[in-house]
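Visitor: I'm new to this structure and would like a close look at a single part of it. Please take me through it slowly, one residue at a time.

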Amino acid sequence: MRVLAIDPAVRNTGYAVVEGDGHKAVALAFDVISIPDRLPQSAALAAVRTHLRHVIEKHQPDQVAVEGIIYVQSHRTAISMGAARAAALIAAADAGLNVFEYAPMKVKMAVTGKGRADKQQVAFMVRALLGLSETPPHDAADALAIGIAHLQASDPLKAKMLERRQV
C-alpha cells in the first residue's frame, strides 16, 4: 500500500509518501510545505491544497492519513489546524482518495512506544525505522510517523491499538 501522510498546519505542513505494509515501510518522499507569513491565511491554505494535489498526482497514493486535532491546544490553534486539515482533506477528496485520521498520541505510541514522546524522539525513531541517512525536519518526521502508523493499522493485530477513523 502507498499512503500520503499529512501533518497539517497553515504555515508548515509536513507530508510524506510511504509504501509498505504493517511490518515494513519505505519512505518514497517527504518534505515540509513552508508558506511565508506575508501571505494571508486564505492564500496559504490554497497553496497547501495545490502542493498536496501535485504530490498526489506525482506519487499516486492509495490512501491518505492525517493527524487528528489536538484538543489541548488553544481554540485559535485548533481552528487554524482545522483549516489546514480541510485544505488537505479537499485535496484528497478531489483525487477520490479515502482519508483516515489518527490521534497524535496513538501515532507516537506506534512509532516510539511512548504516547507522550517529544518531537526529537519521534524524528529519531522515524529515521531508524525507515533507515534514513538524515533526521527529517520535525513536521516531515511527524508525517512519516503518521504514514508508518497507517501502515501498521493494516495489520489486524495492531489495528485496535491505533484506532483509525475514516474522515
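Which residues does Arg85 touch, not counting residues up to four places away in sequence?

Guide: Happy to show you around! Please keep in mind that this is a predicted model. Leaving out residues up to four places away in sequence, Arg85 touches Pro8, Val66, Glu67, Gly68, Ile69, Glu101 and Val167. Arg85 itself belongs to helix α2. Its relative accessibility is 10%, and because buried means under 20%, Arg85 counts as buried.

Let's follow one of those contacts, the one with Glu67. Glu67 sits in strand β4, which covers residues 63–67. With a relative accessible area of 11%, Glu67 is buried too. Once residues up to four places away in sequence are set aside, Glu67 touches Ile6, Asp7, Pro8, Met81, Arg85, Tyr102, Pro104 and Ile146. Pro8 therefore appears in the list for Arg85 as well as in the list for Glu67, by the contact rule of heavy atoms within 4.5 Å. Glu67 also carries an annotation: an unreviewed UniProt entry lists Glu67 under "binding site".

From Glu67 we can step across to Asp7, another residue in its contact list. Asp7 is part of strand β1, residues 2–7. Asp7 has a relative accessibility of 5%, so Asp7 counts as buried. Apart from neighbours within four places in sequence, Asp7 is in contact with Asn12, Thr13, Gly14, Glu67, Asp139, Asp142, Ala143 and Ile146. Ile146 is a name you have already met, since Glu67 touches Ile146 too.

The contacts of Asp7 also lead to Asp139, a residue of helix α5, which runs over residues 138–153. Here the surroundings change: Asp139 has 23% relative accessibility and counts as partly exposed. Beyond its neighbours within four places in sequence, Asp139 is in contact with Asp7, Asn12, Gly14, Val32 and Lys119. Asn12 and Gly14 are in contact with Asp7 as well.

What does the UniProt record say about this part? In the unreviewed entry, Asp7 and Asp139 are both placed under "binding site". They span 133 residues in sequence, yet no two of their C-alpha atoms are more than 6.5 Å apart, so they gather at one spot. The unreviewed entry also has an "active site" feature, and there UniProt lists Asp7, Glu67 and Asp139. These residues likewise span 133 residues in sequence, but no two of their C-alpha atoms are more than 11.3 Å apart, so they too gather at one spot.

Now back to the helix that holds Arg85, helix α2. Helix α2 covers residues 75–94, and its axis comes within 9 Å of the axis of helix α1, residues 41–59; the two cross at roughly 35°. α1 passes α2 in a right-handed crossing. On the α1 side, the contact is made by Gln41, Leu45, Val48, Arg49, Leu52, Arg53 and Ile56. On the α2 side, the residues are Ser80, Ala83, Ala84, Ala87, Ala88, Ile90, Ala91, Ala92 and Asp94. By kind, the residues of this contact divide into 11 nonpolar, 2 polar and 3 charged.

Let me finish with another residue of helix α5, Gln152. Gln152 is buried, its relative accessible area being 12%. Not counting residues up to four places away in sequence, Gln152 touches Gly22, Ala110, Lys158 and Leu162.

That is our walk outward from Arg85, which touches Glu67, and on to Asp7, which is in contact with Glu67 and Asp139.

Methods: Residues are numbered from 1 along each chain as its sequence is written. This is a predicted model: local features need pLDDT of at least 70, side-chain atom pairs count only at pLDDT 80 or more; totals for chains, interfaces and linings use all residues. Side-chain values use heavy atoms; hydrogens and water are left out. UniProt positions are given in the numbering used here, feature names are shortened, and annotations may be inferred rather than shown by experiment. Helices (H or I, at least four residues) and strands (E, at least two) are DSSP runs, numbered from the N terminus. Buried means under 20% relative accessible area, exposed over 50%, partly exposed in between (1.4 Å probe, protein chains only). Axes are lines fitted to C-alpha atoms, for helices over the stretch in contact, and angles run from 0 to 180 degrees between N-to-C directions. A crossing is left-handed if the near helix is turned anticlockwise from the far one by less than a right angle, and right-handed if clockwise. Ala, Val, Leu, Ile, Met, Phe, Trp, Tyr, Cys and Pro count as nonpolar, Asp, Glu, Lys and Arg as charged, and the others, Gly among them, as polar.
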